[in-house]
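Grab a pencil and let's work through a protein fold together. Each exercise comes with a worked solution, so try it yourself before reading on.

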Amino acid sequence: MDEKIWQNAMIVYARFTDFYLLEPFRYEQVQSRFLVWCETGKGRLIINNQCIAMTPGKLVFAPWNHSISWISNPEEPFLAGTIHIIPDMPEENPPRYSPFHSATPELPEFYTRKDEFLPSFQDVTEFELPLEHSFFHLARYVVNCFQEECPEFILRLFPRQLLYELYSIKAGKVSFYPDNFKQMINTVEHYLEDHLDMKMLCRVSNLSVPGVYRCFKRIMSKTPGQYINERRLKRASELLRTTDLSVRAISRRLQYKDPFYFSRCFKHLFGVSPRQWRNNVSIPLPPQLPQRQSFSQRDISGKKHYFFLPFNELM
């Protein structure tokens, strides 16, 4: 990682949100580099018109001035960790501890905060990591420090540490997974469009059926069947956008004997039907949704003040 990158970066907001709201809401323009990950439960995000299924271990890094919609799953509300970073953050007196969630030209800070070019991270980037990964340990520590109102200089130290972790993950320098688990993941990827059963995973990992099950639950927080189903549905989402194959043909190609069951599974994961996905139809949002703004700042005593939104609605 270039030593000159993010020399003046600062974290302006970080928290955990137990996302239980039943109605989606949207921010049209968020002035920050945004990290969000799922700790528990399920939900969906739409970032720059890209639909992302949030499950435990999913990490997303969003670019500057991104749009975002939050869609909860009422059956399994998800707990999300969020960190907002300003790559070029000037000194503010007092500093405003929040990103701008819309164009706010009446405030001078809107013009002084700036982005910096990041090689490999100019678009929405997704990762799937075990919850025990070192990145999540660091990210949780960052959230806790912010919530305990740590000094500003600490908030300026964390961004480069987080960025180093992201580049390490991107480059594959962090080899966290055990070798036998990596063998199982490679087998799943190879047989997404072919017959795959537990015996094959047991053979490549040299584990028993209960051992394979425990390995997936410990590292991915899901069963082998859930992981395989999710990977096949994500492959289906790619085929829907890149080929002219029918929904029925794609479902058969990915080992779904019943196309109606395939469509139900697809909609459960992505929030839209396969045909809507192919036609680039986003999850519908109520037109009257307000454009929410949230601002916070600390006075001389260090106490934080929030404006316009209740604390439990801030992201």
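The exercises below go from the whole chain to its sheets and then to one helix, and the model you are looking at is predicted.

**Exercise 1.** Find how many helices and strands the protein has, and what share of its residues is buried.

*Solution.* Start with the secondary structure: you should get 11 helices and 11 strands. Next, call a residue buried if its relative accessible area is under 20%. By that cut-off, 52% of the 315 residues are buried. As for the surface, the protein exposes about 15,300 Å², and carbon and sulfur atoms supply 52% of that area.

**Exercise 2.** Work out the strand order in the four-stranded sheet, and say which strands stand at its edges.

*Solution.* Step one: trace the neighbours, and you get S2-S7-S4-S5, an open sheet with antiparallel pairing. Step two: look for strands with a single partner; S2 (25-30) and S5 (50-54) each have just one, so one side of each has no neighbour in the sheet. Step three: check the twist, which averages 20 degrees from one strand to the next. Now zoom in on one pair: S2 and S7 (residues 66-72) are antiparallel and share four bridges. Take Phe25 as an example: its bridge partner in S7 is Trp70.

**Exercise 3.** Do the same for the five-stranded sheet, then find which helix packs on it.

*Solution.* The order here is S1-S8-S3-S6-S9, again open and with antiparallel pairing. The edge strands are S1 (10-19) and S9 (125-128); each has a single partner, so one side of each is left free of a neighbour in the sheet. Neighbouring strands are turned by 15 degrees against each other on average, ignoring direction. At one end of the order, S6 (residues 58-62) and S9 run antiparallel and are joined by four bridges, and Lys58 has Glu128 as its bridge partner in S9. The helix you want is H2 (residues 134-147): it touches S1, S3 (33-40), S6 and S8 (78-86), and its direction makes about 100 degrees with that of S1.

**Exercise 4.** Check the span of helix H4 against the expected value, then list its buried residues.

*Solution.* H4 (residues 158-171) has 14 residues, and at 1.5 Å a residue it should span 20 Å. The expected span uses one less than the number of residues, so remember to take one off before multiplying. The end C-alpha atoms of H4 are 20 Å apart, so the two values agree. The buried residues of H4 include Phe158, Leu162, Leu166, Tyr167 and Ile169. Finally, look just past H4: Gly172 takes a positive phi of about 75 degrees.

Methods
Residues numbered from 1 in each chain as written. Predicted model: local features only at pLDDT ≥ 70, side-chain atom pairs only at ≥ 80, totals over all residues. Heavy atoms only, no water. Pairing = 2+ DSSP bridges. Helix = DSSP H or I, 4+ residues; strand = E, 2+ residues; numbered from the N terminus. Axes fitted to C-alpha atoms, helices over the stretch in contact; angles between N-to-C directions. Contact = heavy atoms within 4.5 Å. Buried < 20%, exposed > 50% of the residue type's maximum accessible area, 1.4 Å probe, protein only. Areas by Shrake-Rupley, 256 points an atom, 1.4 Å probe, with all protein chains shown as cover.
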